[in-house]
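This report concerns a pocket, a set of helix packings and two points of backbone geometry. The sequence and model are shown first.

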Amino acid sequence: EMPSTATDPLERFSAQVVDSTGRSASVKERVLSFLRSIEIGGATAEASPNKPTFVSREQWGADSCLRNTKPRVLPEVHRVETLIVHHAGGNDYSTAAEARSLIRAICEYHVQSRGWWDIAYNVLIDKFGNVYEGRRGGVENPIQGGHTAGFNYVSTGVALLGCFEPGHPSCSSVVAPPAAMRQALADYSAWKLDLHHLDPMGTTTVVSHGSSKWPEGALVPLNRISGHKDATATACPGQLVYDLLPDLRPQVDGLGGLKIYADFGGFDPIKGPNRNYSKGTLGLAFTQPTSWNMTITRRFGPVVFETSGSGTSANVDWDGSSGGVPLSHGIYEVDVSAGAATPLHQVIQLGSYEWPFVDDEGSYAVDNIESLWNRGLTVGCNWSSFCPKSKLSRAEIAAFVARAMGVPEGQPTYMGYFTDVAEGAWYTPLVEYLYEQGIATDVGNGSFKPLADANRATVTVYVIKAIGEDANLPTYQGYFTDVPAGQWYTPYVERAYELEIALGYPDGTFRPLSTVTREESAAFLMRGLE
């Protein structure tokens, strides 16, 4: 059991003053970067990087691109590991008003044509140096974007408004990013990386969730400030921007005063069977010599570990115990403070839990749920939960299946295939796409009943049709006691059983008309896809 009070803070840790951050800049380079920040009017080293002035979503008209879409709480990145630079749109805008119109057009394309939850980028910057709030959720927060397939779960994305790839066929003109845009990018990057305690001169290694450049599962080295082309086979952010990144990193490093950099790569989560945890190591670095303090607190509970030190770097070891007593699985919070630096606060999970959902550990479909999220097919029921036992509507099941099938960009205009699937509803293009694929059919009088609860039979039929196995339906076999011959769903359920997609219950039943849960739908769909 967890101790009710904090125990001896020095008993179970060791801190060594070592260089653990991978910083490669020489003293000369750091001095030059500091001088550059003064020359271009950046913040001095007397204070932390200043928060930029943002053009809000309301000011550029974000609501217009979200019309008729279902309100959603977008997921957060568990821990931002890299800032990825992009470009978007063209260079032909000549006023801030035209820049806002261009951003609205980008958002319209991402939401209404590609079916994404919102504009893909967390932040956008125009040629005049204006910084725009992108994807909803707050610029301070680690909101997951849609900008870099396979890497959105560990990154934040900033797009420079323009085209910067010489010879690119979609660019009517190509110019280098002007000084105001470059300065805004540096100022924003310094502020954002300081919020997440990332060393702009550092690197990290992350696992690809699958992109056109890196296959799923590949270990990918990235700079803390990277270009889109580092993660995906693309020309983005354009060579004229990509060539600026080596100079951008030390420029960002020189903005602001004392900063805390943290490397959680070997620390979160600390796993082990039967609470026999292996040691985790948190790498800390400071841009100036300083005294620092660190605590680990059980969420809504007591401090379970604390330590302090001084210098410019340290490795802090923790084995998941408090005073030698192993702690129970759960959510813990790490806090590090040092002088006037932006305090570090990071949530970690002790035990076997892996991001993004805190409530799927123990579900029989945990691997399927993780695969759904990795493929971008779900954001859960809120930013940290999947709600595996909750029910799903027929519209939500249709959305899952359509996205899994790779619903194409630019859905056709409203066709009115169903009397109760209205033009403009968030699910309409997805349901109509499934109708065109011969998967979604009416349930009587031309209706679809999008808001009705989905049942296990419907999900099974959709999955079998989606993977093309409806051409291999068996004659009646009687695999389940409650799936009789002659029902509309029977051959699909039996084919799903043969493919080990839907196995039924231990008592020999399938319960075809029972309401399907979110974990059941995840299992059916991912077994079919994989």
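Helices and strands are named here from DSSP runs, numbered from the N terminus, a helix being a run of H or I with at least four residues and a strand a run of E with at least two. The model is predicted, and the values below are computed from it.

## The largest pocket

The volume of the largest pocket is about 1300 Å³. Its lining consists of 50 residues, and those closest to the centre of the pocket are R114, W116, G146, A149 and N152.

Four elements each contribute at least two residues to this lining: the strand β3 (82-88) and the helices α3 (96-113), α7 (366-374) and α8 (394-404). The greatest contribution to the lining is that of β3, which provides three residues. Sorted by class, 25 residues of the lining are polar, 20 are nonpolar and five are charged.

## Helix α8 against α9

Besides supplying residues to the pocket lining, α8 packs against α9, which spans residues 428-436. Their axes lie 9 Å apart, at an angle of about 65°. Angles of 65 to 115 degrees count as roughly perpendicular, and α8 and α9 are therefore roughly perpendicular to each other. The crossing of these two helices is left-handed.

On the α8 side, the contact is made by A398, A399, V401, A402 and R403; on the α9 side, by L430, V431, Y433 and L434. Eight residues of this contact are nonpolar and one is charged, with no polar residues.

## Helix α8 against α10

A second partner of α8 is α10 (residues 456-466), with an angle of about 20° and a distance of 11 Å between the axes. Angles under 35 degrees count as roughly parallel, so α8 and α10 are roughly parallel to each other. The handedness of the α8 and α10 crossing is right-handed.

Here R394, I397 and V401 of α8 meet T458, V459, Y462 and A466 of α10. This contact comprises five nonpolar residues, one polar residue and one charged residue. V401 thus appears in the contact with α9 and also in the contact with α10.

## Helix α10 against α12

The packing continues from α10 to α12 (residues 518-529), where the axes come within 10 Å and cross at roughly 20°. By the cut-off of 35 degrees, α10 and α12 are therefore roughly parallel to each other. The crossing of α10 with α12 is right-handed.

From α10, the residues in contact are R456, V459, T460 and V463, and from α12 they are E520, S521, F524, L525 and G528. The class counts for this contact are four nonpolar, three polar and two charged. V459 of α10 meets α8 and also takes part in the contact with α12.

## Backbone geometry in two loops

The peptide bond between C236 and P237 is cis, with omega about 10°. P237 is placed in the loop that runs between β9 (225-227) and α5 (239-242).

Another backbone feature occurs at N445, a residue other than glycine whose phi is positive, near 60°. N445 belongs to the loop between α9 and α10. This loop therefore lies between two helices that both pack against α8, α9 at about 65° and α10 at about 20°.

Definitions and conventions: Residues numbered from 1 in each chain as written. Predicted model: local features only at pLDDT ≥ 70, side-chain atom pairs only at ≥ 80, totals over all residues. Heavy atoms only, no water. 1 Å grid on protein atoms, 1.4 Å probe; cavity = no way out; pocket = protein on both sides within 12 Å on 5 of 7 lines; lining within 4 Å. Points joined across faces, edges and corners; volume = space filled by probe spheres on them. Nonpolar A, V, L, I, M, F, W, Y, C, P; charged D, E, K, R; others polar. Axes fitted to C-alpha atoms, helices over the stretch in contact; angles between N-to-C directions. Parallel < 35°, antiparallel > 145°, perpendicular 65-115°, else oblique. Left-handed = near helix turned anticlockwise from the far one by under 90°. Contact = heavy atoms within 4.5 Å.
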